[in-house]
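Biologist: Could you take one part of this model and look at it closely with me? I am a first-year student, so please explain each term as you go.

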Amino acid sequence: MERPSLIGLALIAPALAMIGALFLYPLGFSLVSAFTEESGRLSLTHFQKAYELYSTDILFTLFIVIVSTLLTGLISIAIAGILTLSETPWLITALRNLYRWPLFIPFIVAAQCMRTFLAKNGLMNNSFVALGLMEPLQATSFLDWRGIIVTFVWKQVPFVTLMLAGAMASIDRATIEAGRNLGASRLRVLIEIVLPQVFQTLLVGLVLSFVTMLSVLSVPMMVAGSQPTMLTVDMAFRINSYGDYATANALGVISYLIAGTVAWIYLRHNVKQGAQA
Amino acid sequence: MSGNVRTSLASAAPASIPLPVNQGLPAPRVRFWAYGSTLFKVLGLGAFAFFLFGPLANLVLWSFAERWYAPFKLPVTYGTRYWEVVFRPTGDAMSSLLTSVGIACLTVLVALAVSIPAGYALARLKLPWRTALMILFLLPQAFPSVAIYINVARVFYSIGLTGTVPGVVLVHAAHGLVYSVWIAAAAFAAVDRDLELAARNIGASPLRTFFTITLPLAAPGIMASAIFVFLESLDEFTGTFFVGVPQVTTLPLLLYNASMGGNYQIASITALILLVPSVLFMLVIERFLKADVLSKVGQ
């Protein structure tokens, strides 16, 4: 069924046109705006201003997103691993029915939930006090960087776990049985036999999560109001308060660089994978 | 065929594995370890469920709380007063709900119209720079969208698309394209090529083969991608925040305005309305998105 690629290109053209008009063109717009002065000369003054005003927020954003991605990865591996390797049927059934609940819950809904749950008088602190785990005076609000991370992880773990558990279900179980029969512990089977076979899927899930978290505006705005905050909030603030497109776009380019680094890691792995196949 | 072999191996596994572990220990110690491990699992599962459902429980409490202030652990008075406010036919919430659902449906139509042909081409036909093309569809998700949306809003403003439904639909569709194209490509790739060849051998045209064999077999995966796009549009806050204001108020914008205004009841009820489709789709997603399709996503 070899066909000329012309038909293929014609079929994919409308989708490409859409990306071109709604993504590449505005992207070019943002690059031009970030790198030129009003006179049209190339310059880095906007980046200097962005760095002076928001260097803390750049580091803060990196910290939040990296920690959230790592936690998401660890928890997802743990849940998917239990689903694949556990020998306790009731635990598997319960976990399978539980973990997916936040899967499609919108970020803004998750933000609203956490805004109340993690507050000083929220349900979490109240429950700990009621259970006797904590004195009422010890209760503190988690509505800062911790709140953002909790919200991100809460929202992204089901997504990565779903992909991971699906991939783990479709690997050859004989490799797992072989490892177990040779006396390897389940943790060792998970790390040395299962994970390498699903690594590609894990990487896709984590890359998507990373860039999603980097792009979310509602969670940092609603969960943690004060400084420092994430770059998305700073960009919206520059636009809405000052109409300052140049600095906002310079911040945008900085976040492109962060996302680009991650995409590059994914691409490099993909190419390596292709070379092996 | 190989699926059957796999399940029989899996069902045989639990019987064969615990034996060598248990034989070495005397009976009381085995029982102690078994109880300890069960207790550990129950506690772990309980903590997991608390962090999973606690935030949702708080949302439900707020939606029925007519008065709730600081020293009280639970609402002071319960009631459905705010539900009546939200569900008044003339209220903001009902019009926002209609706007949101309408935009989401239009977004699915636009996204599927361009991604079914694109997905087929990516899965079956020889394309130059295939990996680069796949990455291109990821870009709207892989790039920090706020920076893109502020410029989309600027471009749309010059052609009169800001504050209109078509403008918001276009932004949502471009954002959802990675799901619809990637999942459609995976769904087409998972269709058994021999079935297509069999249809071609007995004289079906390529077009007929596509519509009677390939498309129906890929349909569950494509349904899943439509669900993703629908929810992505329903969820979408950032794009609407920049492109849709002030005329287009979707549910997420209503929720944001209520929450920032300190009206937690209205915000919580709006959030619960957004939760219903999310949870429903979560419950049925595995029926559409099979493991064989999932394992091909992103390849």
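Modeller: Let us begin with the nonpolar core and then move outward to the parts around it.

This is a predicted model, in which local features need pLDDT of at least 70 and side-chain atom pairs count only at pLDDT 80 or more, while totals for chains, interfaces and linings use all residues. Residues are numbered from 1 along each chain as its sequence is written, and chains are lettered from A and ligands numbered from 1 in the order in which they are written.

A nonpolar core here is a set of buried Ala, Val, Leu, Ile, Met, Phe, Trp, Tyr and Cys residues joined through C-beta atoms within 7 Å. Buried means that 20 or more other C-beta atoms lie within 10 Å of a residue's own; exposed means 12 or fewer, partly exposed is in between, and C-beta atoms are placed from the backbone. The largest nonpolar core has 177 residues, and those that touch the most other members are A:I19, B:I150 and B:L177. With 19 residues, helix 8 (residues 165-190) of chain B gives the most to this core. Helices (H or I, at least four residues) and strands (E, at least two) are DSSP runs, numbered from the N terminus. The core lies between domain 1 (14-79) and domain 2 (89-294) of chain B, because both give residues to it. Those bounds come from an automatic or database domain assignment. As background, nonpolar side chains tend to be buried together in soluble globular proteins.

Now find B:L177. Two residues are in contact if their C-beta atoms, placed from the backbone, lie within 7 Å. Setting aside neighbours within four places in sequence, B:L177 is in contact with A:A15, A:M18 and A:I19 in chain A, and with B:A111, B:S115, B:F137 and B:P140 in chain B.

Those chain A partners bring us to the contact between the two chains, which takes 79 residues from chain A and 83 residues from chain B. Helix 1 (residues 5-35) of chain A gives the most to the side of chain A that touches chain B, with 17 residues. By class, that side has 51 nonpolar, 20 polar and 8 charged residues. In this count Ala, Val, Leu, Ile, Met, Phe, Trp, Tyr, Cys and Pro are nonpolar, Asp, Glu, Lys and Arg are charged, and the others, Gly among them, are polar.

Two partners of B:L177, B:F137 and B:P140, are among the buried residues of helix 6 of chain B, which also include B:L133, B:L136 and B:Q141. The 13 residues of helix 6 (residues 130-142) should span 18 Å at 1.5 Å a residue, and its end C-alpha atoms are 18 Å apart, which agrees. The expected span is 1.5 Å times one less than the number of residues. Helix 6 of chain B also bends by about 30° at B:L136, with the proline B:P140 following within four residues. The bend at a residue is the angle between axes fitted to the seven residues ending there and the seven starting there.

Back to the two domains of chain B: their centres, taken over C-alpha atoms, are 35 Å apart. Their contact takes 4 residues from domain 1 and 6 residues from domain 2. On the domain 1 side, helix 3 (residues 27-64) of chain B gives the most, with 3 residues. That side divides into 3 nonpolar, 1 polar and no charged residues.

Finally, step back to each chain. Chain B has 14 helices and 2 strands, and 44% of its 299 residues are buried. Chain A has 11 helices and 0 strands, and 49% of its 277 residues are buried. Among contacts between residues at least 6 apart in sequence, 74% in chain B join residues at least 24 apart; in chain A the figure is 75%.

Helix 6 of chain A gives an example of such a link. A:A165 lies in this helix and is buried, with 26 other C-beta atoms within 10 Å. A:A165 and A:A80 are 85 residues apart along the chain, yet their C-alpha atoms are separated by 4.8 Å. Apart from neighbours within four places in sequence, A:A165 is in contact with A:A80, A:L83 and A:T84. A:W145, also found in helix 6 (residues 145-169) of chain A, is partly exposed, with 18 other C-beta atoms within 10 Å.
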